[in-house]
Amino acid sequence: AEGIFKCFFPSKPAGVTTTSPPEEDVDTSQKNLPLPKRQAPSHTIPVLDETEISELAKRFADAIPENELSVAALQGYLLKNKVRPRECVDEVAQIIEERETREKLKKEKAEGTRGTISV
């Protein structure tokens, strides 16, 4: 689960900061041109540093019971939350609990229908 989490969420090396280009490298002939009409999508995946991604991946893996979920189920959950890495980790325990409750109810329902005799 930890490895899958790290594959879904990009990280930047610790200590690396993004900087804007120095003023002398900016092409002044392009300065007054209108900006492109297409805006950057508001649903971009946040790029966290390696330390935070590793910590989140560890917490995520610790919350997942061994051999309870398939790789496909983990991938599906991560895809649904691909722009929310922190919330994804915070909410995974609740999702697992809800899943276990559904499975328990389904099992109880199946056992209850076996005991009835239809006429």
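**Exercise 1. Neighbours of L48**

Find the residues that L48 is in contact with, leaving aside its neighbours within four places in sequence.

Step 1. List them. L48 is in contact with P10, S11, K12, I53, L56, P85 and R86. Contact means heavy atoms within 4.5 Å.

Step 2. Note the ground rules. This is a predicted model, in which local features need pLDDT of at least 70 and side-chain atom pairs count only at pLDDT 80 or more, while totals for chains, interfaces and linings use all residues. Residues are numbered from 1 along each chain as its sequence is written, and side-chain values use heavy atoms, with hydrogens and water left out.

Step 3. Place L48. The residue sits in strand β2, residues 48–49. Helices (H or I, at least four residues) and strands (E, at least two) are DSSP runs, numbered from the N terminus.

Step 4. Check exposure. L48 has a relative accessible area of 5%, so it is buried. Buried means under 20% relative accessible area, exposed over 50%, and partly exposed in between, with a 1.4 Å probe and protein chains only.

Step 5. Look along the chain. P13 is 35 residues away from L48 in sequence, yet their C-alpha atoms are separated by 8.8 Å.

**Exercise 2. The overall plan**

What pattern does the protein follow, read along the sequence?

Step 1. Count the elements. There are 4 helices and 2 strands.

Step 2. Put them in order. The pattern is α-β-β-α-α-α.

Step 3. Add the totals. The protein has 119 residues, and 16% of them are buried.

Step 4. Ask how far apart the partners lie. Take the contacts with a separation of 6 or more: 86% of them join residues 24 or more positions apart.

**Exercise 3. The two sides of α3**

Which residues are buried in α3, and which are exposed on the other side?

Step 1. Pick out the buried ones. They are L74, Y77 and L78.

Step 2. Ask why they share a side. They cover an arc of only 95 degrees around the axis, which puts them on the same side of α3. The arc is that of the directions from the helix axis to the C-beta atoms.

Step 3. Recall the helix rule. An α-helix has 3.6 residues a turn, so residues three or four places apart point the same way.

Step 4. Turn the helix over. A72 and K80 are exposed on the other side of α3.

Step 5. Add Q75, also in α3. Its relative accessible area is 34%, so Q75 is partly exposed. Beyond four places in sequence, Q75 is in contact with I4 and F8. A1 is 74 residues from Q75 along the chain, but the C-alpha distance is 9.3 Å.

**Exercise 4. The largest nonpolar core**

Which members of the largest nonpolar core touch the most other members?

Step 1. Fix the term. A nonpolar core is a set of buried Ala, Val, Leu, Ile, Met, Phe, Trp, Tyr and Cys residues joined through side-chain atoms within 4.5 Å.

Step 2. Name them. The core has 17 residues, and F5, F60, I64 and L78 touch the most other members.

Step 3. Trace the sources. At least two residues each come from α1 (2–8), α2 (50–63), α3 and α4.

Step 4. Follow one member. Residues up to four places away in sequence aside, L78 touches I4, F5, F8, F9, F60 and C88.

Step 5. Set this against the general trend. In soluble globular proteins, nonpolar side chains tend to be buried together.

**Exercise 5. Two glutamates**

Are E2 and E100 buried or partly exposed?

Step 1. Take E2, in helix α1. Its relative accessibility is 29%, so E2 counts as partly exposed.

Step 2. Find its partners. Residues up to four places away in sequence aside, E2 touches S54, A57, K58 and A61. E55 lies 53 residues away along the chain, and its C-alpha atom is 9.6 Å from that of E2.

Step 3. Take E100, in helix α4. At 40% relative accessibility, E100 is partly exposed too. E68 is 32 residues from E100 in sequence and 9.6 Å away, C-alpha to C-alpha.

**Exercise 6. An unusual phi**

Where is N67 found, and what is its phi?

Step 1. Locate N67. It is in the loop between α2 and α3.

Step 2. Read the angle. N67 has a positive phi of about 55 degrees, although it is not a glycine.

Step 3. Compare with the rule. Most residues other than glycine have a negative phi.

Step 4. Check the surroundings. N67 has a relative accessible area of 76%, so it is exposed.
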